[in-house]
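Subject: A structure for you to look through

Dear colleague,

I am passing on the structure we spoke about, together with some notes to read beside it. Please open it first and keep it in view while you go through the rest.

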Amino acid sequence: MHIHIENDASAPRALHLSVEQLQLQLDAHPPLRSHFTLSENRDPAHTADFLARCDILWSGRKLALDQFSTPRLGWVQVMSAGVEQWLAHWPQGVTLTNASGVHGDKGAEFILMAALMFNFGIPGFLQDQAQRVWRPTFGGCARGKTVLLLGVGGIGAAAATLLTAQGYRVIGVTRSGQCDANVARCIRIDALDEVLPQVDVVVSTLPLTPQTRNLFDRRRLNLLPARAGIVIVGRADVFDYSAMREKLNAGELAGAVLDVYPQEPLPADDPLWHTPGVVMTPHCSLDDHSAYLAGCLDVFIDNLARFRHGQPLRNQVDPARGY
């Protein structure tokens with residue numbers, strides 16, 4: 001059985017998987033040793049040749065698989081958690097697994113930091129600093145405040161643990177209204193409107209699916225109290241950024257910590273750069289390049305053992321749901 005590694009030449013070297021690295025991992029697991037042949041490519045001009053003869057694909061870049069001949073391909077492991085661009089061209093009969101959970105530790109710390117920034121008024125202080133304005137404000141502790149966690153997957157569940165330990169009351173939101181995370185309450189998406197007026201921080205880790213696109217539209221933003229802050233580390237198109245910007249300009253939200261944007265890189269003339277209360281990071285809050293490749297490899301090696309024994313794979317994506 002042949003495993004092909006498709007690296008992204010434009011990605012940092014720390015995210016490139018080599019044949020030698022993968023072979024070392026296979027050799028360290030006797031049940032997997034000597035069962036696979038390997039290849040690696042980072043030149044898009046040669047991708048088609050490799051895909052035509054691989055059974056398993058590890059991919060560090062997005063591919064429109066319907067543009068290639070893949071007669072033997074049965075399983076694709078991708079290095080991202082979001083897969084919406086993959087699913088737009090997904091062939092029937094091929095299994096897709098993602099990197100869900102690999103971002104968990106760093107993502108959880110970033111979310112906790114962002115929630116605490118609202119608690120201490122940091123978005124407002126940054127704005128005052130830029131304008132050389134001295135305006136003390138005095139808030140309380142985080143304990144007892146409510147965080148609405150949109151999505152309780154790998155990142156959301158890890159964040160729920162840290163937020164709860166800090167004293168926040170965490171309400172999780174999932175498709176089913178159920179989760180195993182450390183939350184005070186878990187609700188279905190259709191119950192969102194009932195809890196929005198009591199929320200202090202909204203955190204979105206949601207993937208982009210037909211059900212989540214524009215989920216937080218102008219109407220739902222208007223249900224939030226003015227004290228509420230917004231943290232977005234999932235997909236940007238879950239939110240109406242224009243409506244959010246208008247509310248921030250009007251002083252009707254406490255601020256927003258944003259790591260993702262409808263267009264990336266964000267154009268230099270985008271008004272979001274100058275929106276009051278916005279703290280921006282350039283889509284880097286979740287990834288730890290010193291550990292990310294190793295985390296993805298752990299998932300992949302575990303799945304290779306499962307694959308050989310006909311067991312269900314970890315992080316298997318349901319194309320109908322989009323995650």
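The notes below go through one sheet, a group of aromatic rings, one helix and a few unusual spots in the backbone.

Please keep in mind from the start that this is a predicted model.

A good place to begin is the sheet, which is open and is made of five strands in the order β2-β1-β3-β4-β5, with parallel pairing. The strands at its edges are β2 (37-41) and β5 (95-97), and because each of them has a single partner strand, one side of each is left without a neighbour in the sheet. From one strand to the next the twist averages 15°. Helix α1 (residues 19-27) lies across β1 (2-6) and β2, and its direction makes an angle of about 155° with that of β2.

Within this sheet, strand β3 deserves a slower look. Four bridges join β1 to β3, and these two strands run parallel; in this pairing, histidine 4 has leucine 57 of β3 as its bridge partner. Strand β3 (residues 56-59) is also paired with strand β4 (residues 75-78), again in the parallel sense and over four bridges. Here tryptophan 58 stands opposite glutamine 77 of β4, while serine 59 stands opposite valine 78 of β4. Are the residues on the two faces of β3 buried or exposed? Both faces are covered, since Ile56 and Trp58 on one side, and Leu57 and Ser59 on the other, are all buried.

Tryptophan 58 leads on to the aromatic rings. A pair of such rings is described by two values, the distance of the centres and the angle of the planes. A search of the whole structure finds five aromatic pairs, and one of them joins tryptophan 58 and phenylalanine 300, whose ring centres are 5.3 Å apart and whose planes stand at 70°, so that the pair is edge-to-face. This pair links distant parts of the chain, as tryptophan 58 belongs to strand β3 and phenylalanine 300 to helix α10 (residues 292-308), 242 residues apart. Tryptophan 58 and phenylalanine 300 are both buried. Another aromatic pair, formed by tryptophan 75 and phenylalanine 307, is tilted, with 5.1 Å from centre to centre and 35° between the planes. Because tryptophan 75 lies in strand β4 and phenylalanine 307 in helix α10, this pair ties together parts that are 232 residues apart in sequence. The two partners can be told apart by their accessibility: tryptophan 75, at 0% relative accessibility, counts as buried, whereas phenylalanine 307, at 28%, counts as partly exposed. Taken together, Trp58, Trp75, Phe300 and Phe307 form one aromatic cluster.

Next, please turn to helix α9 (residues 241-249), in which the buried residues are Tyr241, Ala243, Met244, Lys247 and Leu248. Where do these residues sit around the axis of α9? They cover an arc of only 160°, which puts them on the same side of the helix. Among the elements that cover the buried residues of α9 are α8 (218-223), β10 (229-232), β11 (255-258) and β12 (278-280). At the start of α9, a side-chain oxygen of aspartate 240 comes to within 3.1 Å of the backbone nitrogen of serine 242. After α9 comes glycine 251, which has a positive phi, near 75°.

Threonine 209 is found in the loop between β9 (201-204) and α8, and with a relative accessible area of 5% it is buried. When its neighbours within four places in sequence are left aside, threonine 209 is in contact with Arg321, Gly322 and Tyr323.

Finally, there are some unusual spots in the backbone. Most residues other than glycine have a negative phi, and most peptide bonds are trans. Serine 34, however, has a positive phi, near 70°; this residue is in the loop between α1 and β2 and is exposed, with a relative accessible area of 70%. Arginine 132 is not a glycine either, and has a positive phi of about 55°. It lies in the loop between α5 (122-130) and β6 (146-150) and, at 80% relative accessibility, counts as exposed. Glutamate 264 and proline 265 are joined by a cis peptide bond, with omega about -5°, and proline 265 is in the loop between β11 and β12.

With best wishes

How values were computed:
Residues are numbered from 1 along each chain as its sequence is written. Side-chain values use heavy atoms; hydrogens and water are left out. Two strands pair if DSSP finds at least two bridges between them. Axes are lines fitted to C-alpha atoms, for helices over the stretch in contact, and angles run from 0 to 180 degrees between N-to-C directions. Contact means heavy atoms within 4.5 Å. Rings of Phe, Tyr and Trp (its six-membered ring) pair if their centres lie within 6.5 Å; planes under 30 degrees apart count as stacked, over 60 as edge-to-face and the rest as tilted. Buried means under 20% relative accessible area, exposed over 50%, partly exposed in between (1.4 Å probe, protein chains only). The arc is that of the directions from the helix axis to the C-beta atoms. A polar contact is a pair of N or O atoms within 3.5 Å; within protein, one must be able to donate a hydrogen and the other to accept it, and residues adjacent in sequence count only if both atoms are side-chain atoms.
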